[in-house]
Amino acid sequence: MTQAAPTCLITRPEPDGSRFAARLRDHTGLETVLSPLMAVKTLPVSIQMDSFATVILTSPAAARCLETLGIPKKRHCLCVGDKTAQTARAAGYTAVSAGGTARELTTLLTWDPGRAPYLYLRGADTTGDICATLTAQGLECVEVIVYKQEKQDFTAAATALLSGSRPVVLPLFSPRSARIAAPLAAASAFVHPVAISPAVAAAWPADAPRAATVAQAPTEDAVLEAIYRLPVVKPWVEMPRLQS
């Protein structure tokens, strides 16, 4: 085999970037380069919880804001996916995962209206409109922006990697990260983007040398499996062990 083993460029914000990079190394043995393209900044907001029965969370970053915002531990959290729910539980909250997308989350919420009124804690940049969907179903929901993600440039190590001839696997976890990465990463024929969802893949440039591979489910495990199955990766690794 003459071609070098691929390197995985991890662009997720911290601490999720380092955590995912460690999982990827453990499960595949591939090298990783960290270059977060966004930095999470918690916003100073004041929330009166007396009017809300349930907190809605669609990201681990929002879950990490719970204690900072003084959200009582007795409030239940409904989360879009497993990682968000795990983050909320680690902070001492009772959390239920919808297991995937915002659409699945809103379906769960409308099936169980007894959990309203809802407080939706989110970032400044998000996809979908959960509150509008719930309001249209006659359910009370208020959203509060509790963090923002500030754009970061590629590190020198990431720029050098993308400028070389070694295959680069680029996991993408949000439409915004795909848009930020695109100007440099999409110019290289050696970049193999892997998107967590069709919405993220749609944010990758249509004229890039290589289209994004889409994970079969919007989960980290599915992204790991999609990376393993890339033709440029599979010869180099064993099937990943997907126990967290």
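**Helix 9, two open sheets and their cores**

Visitor: Which helices and strands do the buried residues of helix 9 pack against?
Guide: The model is predicted. Within helix 9, the buried residues are Glu220, Ala222, Val223, Leu224, Ala226, Ile227 and Tyr228. Their packing partners are helix 1 (16-28), helix 3 (82-90), strand 9 (168-172), strand 10 (191-195) and strand 11 (213-214).

Visitor: Why is helix 9 described as largely enclosed by the rest of the structure?
Guide: Helix 9 covers residues 220-229, ten in number. A residue is buried when its relative accessible area is under 20%. Helix 9 is largely enclosed because the buried residues number seven of the ten.

Visitor: Which element gives the most residues to the largest nonpolar core?
Guide: That core has 46 residues, and Leu9 and Trp204 have the most contacts inside it. At least two residues each come from strand 1, helix 1, helix 6 (156-163), strand 9, helix 7 (175-185), strand 10, helix 8 (198-203) and helix 9. With six residues, the top contributor is helix 9.

Visitor: How many residues are in the other core?
Guide: This core lies apart from the 46-residue one. Its members include Ile47, Ala85, Ala88 and Tyr93. The number of residues is 24.

Visitor: Which residue of strand 2 does Leu9 stand opposite?
Guide: Strand 1 and strand 2 pair in the parallel sense, through four bridges. Beyond four places in sequence, Leu9 touches a set of residues that includes Ser35, Phe154, Leu170 and Val33. The one opposite Leu9 in strand 2 is Val33.

Visitor: In what order do the strands of the five-stranded sheet stand, and which are its edge strands?
Guide: The sheet is open, its pairing is parallel, and its order is 2-1-9-10-11. Pairing on one side only marks the edge strands, which are strand 2 (31-34) and strand 11.

Visitor: What angle does helix 1 make with strand 2?
Guide: Helix 1 lies across strand 1, strand 2 and strand 9. Helix 6 also packs on the sheet, touching strand 1, strand 2, strand 9 and strand 10, with its direction at about 135° to that of strand 1. For helix 1 and strand 2, the angle is about 170°.

Visitor: Which strands of the six-stranded sheet have a side left without a neighbour?
Guide: The sheet is open, with mixed pairing and the order 3-8-7-4-5-6. Each edge strand has a single partner strand, so one side is left without a neighbour in the sheet. The edge strands are strand 3 (38-42) and strand 6 (95-97).

Visitor: In which sense do strand 3 and strand 8 pair, parallel or antiparallel?
Guide: Strand 7 and strand 8 (residues 141-151) pair in the parallel sense over six bridges, and strand 4 and strand 7 run parallel with four bridges. For strand 3 and strand 8 there are five bridges, with Met38 and Lys151 as one pair of bridge partners. Their sense is antiparallel.

Visitor: How many of the residues of strand 7 are buried?
Guide: Strand 7 takes in residues 118-123. Tyr118, Tyr120 and Arg122 point one way, while Leu119, Leu121 and Gly123 point the other way, and all are buried. The count is six of the six.

Visitor: Which side chain makes a polar contact with the side chain of Ser59?
Guide: Ser59 sits in the loop between strand 4 (54-57) and helix 2 (60-63). Its relative accessible area is 12%, so it is buried. Leaving aside neighbours within four places in sequence, its contacts are Val80, Thr84 and Tyr147. At 2.8 Å, the polar partner is the side chain of Tyr147.

Visitor: How many disulfides are there?
Guide: The closest cysteine sulfur to that of Cys65 is in Cys77, 12 Å away, which is too far for a bond. Cys79 is in no disulfide either, as the sulfur of Cys77, nearest to its own, is 5.6 Å away. A disulfide needs sulfur atoms within 2.5 Å. The count is zero.

Visitor: What is the value of omega at the cis peptide bond between Glu14 and Pro15?
Guide: Pro15 is in the loop between strand 1 (7-10) and helix 1. Most peptide bonds are trans. The bond joining Glu14 and Pro15 is cis, and its omega is about 5°.

Methods:
Residues numbered from 1 in each chain as written. Predicted model: local features only at pLDDT ≥ 70, side-chain atom pairs only at ≥ 80, totals over all residues. Heavy atoms only, no water. Buried < 20%, exposed > 50% of the residue type's maximum accessible area, 1.4 Å probe, protein only. Contact = heavy atoms within 4.5 Å. Polar contact = N/O pair within 3.5 Å; in protein donor to acceptor, adjacent residues only side chain to side chain. Pairing = 2+ DSSP bridges. Core = buried A, V, L, I, M, F, W, Y, C linked by side-chain atoms within 4.5 Å. Axes fitted to C-alpha atoms, helices over the stretch in contact; angles between N-to-C directions.
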